[in-house]
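Subject: A structure for you to look at

Hi there,

Here is the structure I promised to pass on. Please open it next to this message, and my notes on what I found follow below.

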Amino acid sequence: MAKPEDTMILETTKGKVVIDTTNLFNFREGKFWEPEGSDSVVGQVQAALPGASVVKCFNTVTAVVMKNPAAPGFSITLPIAGDDLAAKAKVSALAKQLGFETIDLGKLEMTLTIGRGRGYVPAEMNRGPETTIGVIPIDSIFSPGDRKST
């Protein structure tokens, strides 16, 4: 039986755009969290909120960068995915208003790729026991995708 708060959440989000900012990378442990089953986290969010238009975005930047997108000294492009074109357009407009660019990766099924995007990773986190001899770990910025929306 549905709880009253569940019904309230379903009614409140019906027809709304919900931005999923979750990230599968656990920075504290330095590894990816694997959701149970084959569905992505955003797929689970969309299933839980069937009346909402869920868009995956803002999960590849830290809170520091969110506060000041110009801080790194270069333009930051955020990957975005969703099944509703109008919802993605709204989220892209919000991102642009906040100082970011977006790159449209398509439908929500692409979110596993976005979830694997690690945003900014310092060289220390790119170094590990599997690092090949002769390879020098460097700082990296990773946002998967190949198209940029304007």
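From the N terminus on, the order of elements in the protein chain is α-β-β-β-α-β-α-β-α-β-α-β-β, which comes to five helices and eight strands. Please keep in mind that this is a predicted model.

A few overall values to start with. The protein chain has 150 residues, and 33% of them count as buried. Its exposed area is about 9500 Å², with 59% supplied by carbon and sulfur atoms. If you take the contacts between residues at least 6 apart in sequence, 68% of them join residues at least 24 apart.

The part I would look at first is the pair of strands β1 and β4. They run parallel and are joined by four bridges. Strand β1 covers residues 17-20, and strand β4 covers residues 53-56. The side chains of β1 alternate: Val18 and Asp20 point to one face and are buried, while Val17 and Ile19 point to the other face and are not buried.

Asp20 and Lys56 are worth a closer look. Lys56 in β4 is the bridge partner of Asp20, and these two residues also form a salt bridge, with their closest N and O atoms 3.3 Å apart. Lys56 lies in strand β4 and Asp20 in strand β1, so this salt bridge ties together parts that are 36 residues apart in sequence. Are the two partners buried or exposed? Lys56 counts as buried because its relative accessibility is 4%, under the 20% cut-off. Asp20, at 5% relative accessibility, counts as buried too. Lys56 has a further polar neighbour: a polar atom of its side chain lies 2.7 Å from the backbone oxygen of Thr22.

In general, side chains of opposite charge can pair when their charged atoms come close. The structure holds three salt bridges, so here are the other two.

Asp104 pairs with Lys88, and the closest N and O atoms are 2.9 Å apart. Asp104 lies in strand β6 (residues 101-104) and Lys88 in helix α4, so this pair ties together parts that are 16 residues apart in sequence. Lys88 is buried, with a relative accessible area of 5%, whereas Asp104 is partly exposed at 21%.

The side chains of Glu101 and Lys96 also meet in a salt bridge, at 3.4 Å from N to O. Here Glu101 is partly exposed, with 21% relative accessibility, and Lys96 is partly exposed as well, with a relative accessible area of 48%.

Now for the surface. Which residues form a nonpolar patch there? They are Val17, Ile19, Met66, Leu94 and Leu98, which together have about 340 Å² of accessible area. The elements that give two or more residues to this patch are β1 and α4 (85-98). On the β1 side, Val17 and Ile19 are the residues on the face that is not buried. Leu94 is found in helix α4, and it counts as partly exposed because its relative accessibility is 32%, which falls between the cut-offs of 20% and 50%.

If you want one place to begin, try strand β1: Asp20 reaches Lys56 through a salt bridge, while Val17 and Ile19 belong to the nonpolar patch.

Best wishes, and happy browsing!

Definitions and conventions:
Residues are numbered from 1 along each chain as its sequence is written. This is a predicted model: local features need pLDDT of at least 70, side-chain atom pairs count only at pLDDT 80 or more; totals for chains, interfaces and linings use all residues. Side-chain values use heavy atoms; hydrogens and water are left out. Buried means under 20% relative accessible area, exposed over 50%, partly exposed in between (1.4 Å probe, protein chains only). Contact means heavy atoms within 4.5 Å. Accessible areas come from the Shrake-Rupley method with a 1.4 Å probe; for residues, only the protein chains shown count as cover. A polar contact is a pair of N or O atoms within 3.5 Å; within protein, one must be able to donate a hydrogen and the other to accept it, and residues adjacent in sequence count only if both atoms are side-chain atoms. Two strands pair if DSSP finds at least two bridges between them. Patches are made of residues with over 30% relative accessible area and no salt bridge: like charges are joined within 9 Å, nonpolar side chains (Val, Leu, Ile, Met, Phe, Trp, Tyr) within 5 Å. A salt bridge is a side-chain nitrogen of Lys or Arg within 4 Å of a carboxyl oxygen of Asp or Glu.
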